[in-house]
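Work through the exercises below with the sequence and the model open. Each task is followed by a solution in steps.

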Amino acid sequence: MSTPHQPDAPPAPAVPAGGALPGRAAAPHLDPAVAGLTEQPPTARRRWPWQGPQAEQPSSADVAAWTATLQTPVPSPRRIGVVALKGGVGKTTLSVLLAGTLARARQDPVLLFDADTTFGSLALRTGVPLSASAHELAAAGDPGRFDVLAGALARSADGAWVLPSGRDPEQSAALTEQVYIGAMNAVFQHFAVMVTDCGAGLATPLMRRVVSGCHSLVLATSPSVDGILASHNVLRWLRSSGFAGLADRSVVALTNVPADGAGVDVTETVARFGPLAGDVVAVPADRHLAQGGRLDLDALSGPTRT
């Protein structure tokens with residue numbers, strides 16, 4: 001097994017107390033205009049090739065182009081939410097892998113924010129000790145300097161900073177909309193990209209608040225009829241609840257897809273989500289992911305990493 005990637009020293013942008021990073025407006029983190037959420041999504045959707053037995057594998061030029069996209073500077077902090085309607089479908093796994101991939105590609109800080117109130121496996125999957133939680137940061141507020149904030153957070157081997165919902169089950173269960181807003185106000189201006197590992201369901205006040213501030217969602221689902229139907233219903237709910245633009249920028253991720261293909265008709269699945277989601281991707285079954293321990297991007301198989 002190759003040696004895990006070791007992150008470079010964390011960048012420490014100078015930020016005046018109460019001020020904003022250069023080029024970023026000092027404004028509430030959920031202001032749609034500041035966040036860019038009022039912009040129209042691209043009209044042309046670029047779909048990722050289905051990773052199955054008959055799939056067209058992406059070329060090296062495709063991978064290079066997508067990697068360059070991950071490195072693109074952003075005008076304001078970007079937020080990606082990873083959601084699932086039931087447990088055991090790889091939501092936290094996708095969150096950790098996505099944050100780690102972004103952190104490796106980008107020069108600016110990436111945050112993995114745990115908004116799950118069930119005290120899941122985030123610490124185990126990232127391999128980091130739980131430092132300050134959302135509750136502590138909400139109480140302390142924005143320190144105004146990244147190096148001060150970084151001292152309160154743990155960092156994964158891939159370079160993603162980790163903010164847990166709580167340091168124990170009771171504290172995680174006590175994560176509320178108000179605590180989330182306070183924690184977001186403390187970290188908002190310091191991270192170019194934030195990946196949020198969301199709790200189950202979307203109808204609670206906390207999850208509606210999280211979703212309302214996301215630029216994109218990743219809907220984790222099993223490659224099964226009930227899983228696909230659940231994700232289909234989520235996308236319909238988003239569109240009927242005023243989040244049509246968010247649905248257009250979101251991705252359905254079928255997880256743990258066997259090498260011999262999913263248990264559902266692939267063509268029909270892609271066609272079903274075509275008018276509702278921005279993309280459909282598949283994450284192949286992988287021995288490393290199945291172990292349930294700390295995730296290492298370098299230990300993934302080639303197709304899974306791609």
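**Exercise 1. Find the partners of G81 in the sheet.**

Step 1. In β6, G81 has L217 as its bridge partner. In β5, the partner of G81 is T196. Strands here are DSSP runs (E, at least two residues) and helices are DSSP runs (H or I, at least four residues), both numbered from the N terminus. This is a predicted model, in which local features need pLDDT of at least 70 and side-chain atom pairs count only at pLDDT 80 or more, while totals for chains, interfaces and linings use all residues. Residues are numbered from 1 along each chain as its sequence is written, and side-chain values use heavy atoms, with hydrogens and water left out.

Step 2. β1 and β6 run parallel and are joined by 4 bridges. β1 and β5 also run parallel, with 5 bridges between them. Two strands count as paired if DSSP finds at least two bridges between them.

Step 3. Another β1 residue, V82, is bridged to V218 in β6. V218 in turn has V251 as its bridge partner in β7. β6 and β7 pair in the parallel sense over 4 bridges.

**Exercise 2. Place the strands in the sheet and state which stand at the edges.**

Step 1. The open sheet has 8 strands in the order β3-β4-β2-β5-β1-β6-β7-β8, and its pairing is mixed.

Step 2. The edges are β3 (154-155) and β8 (279-284); each has a single partner strand, so one side of each is left without a neighbour in the sheet.

Step 3. Now add helices. α8 packs on the sheet and touches β1, β2, β4 (161-163) and β5, and its direction makes about 170° with that of β2. Helix α3 (residues 91-105) lies across β1, β2, β5, β6, β7 (251-257) and β8, running at about 170° to β5. These angles run from 0 to 180 degrees between N-to-C directions, with axes fitted to C-alpha atoms, for helices over the stretch in contact.

**Exercise 3. Decide how far β1 and β6 are covered.**

Step 1. In β1 (residues 78-83), 6 of 6 residues are buried. Buried means under 20% relative accessible area, exposed over 50%, and partly exposed in between (1.4 Å probe, protein chains only).

Step 2. In a regular strand the side chains alternate between the two faces of the sheet. On one side of β1 are R78, I80 and V82, on the other R79, G81 and V83, and all are buried.

Step 3. β6 likewise has 6 of its 6 residues buried. S216, V218 and A220 point one way, and L217, L219 and T221 the other way.

**Exercise 4. Find the buried face of helix α9.**

Step 1. The buried residues of α9 (residues 205-212) are L206, M207, V210 and V211.

Step 2. Seen down the axis of α9, these residues fall within an arc of 130°, so they line one face of the helix. The arc is that of the directions from the helix axis to the C-beta atoms.

Step 3. They pack against β2 (110-115), α8 (177-187), β5 (193-198), β6 (216-221), α10 (225-240) and α11 (244-248). Contact means heavy atoms within 4.5 Å.

**Exercise 5. Describe the nonpolar cores.**

Step 1. A nonpolar core is a set of buried Ala, Val, Leu, Ile, Met, Phe, Trp, Tyr and Cys residues joined through side-chain atoms within 4.5 Å.

Step 2. The largest core has 46 residues, and L111, F113, V187, L235 and L238 have the most contacts inside it. α8 gives the most to this core, with 6 residues.

Step 3. Apart from this core lies another, of 29 residues, including L97, A103, V193 and L295.

**Exercise 6. Compare K91 and N256: is each buried or exposed?**

Step 1. K91 is in helix α3 and is buried, with a relative accessible area of 11%. Not counting residues up to four places away in sequence, K91 touches V82, V83, A84, D116, D197, C198 and A220.

Step 2. N256 is found in strand β7 and is exposed, with a relative accessible area of 53%. N256 has a positive phi of about 55° although it is not a glycine.
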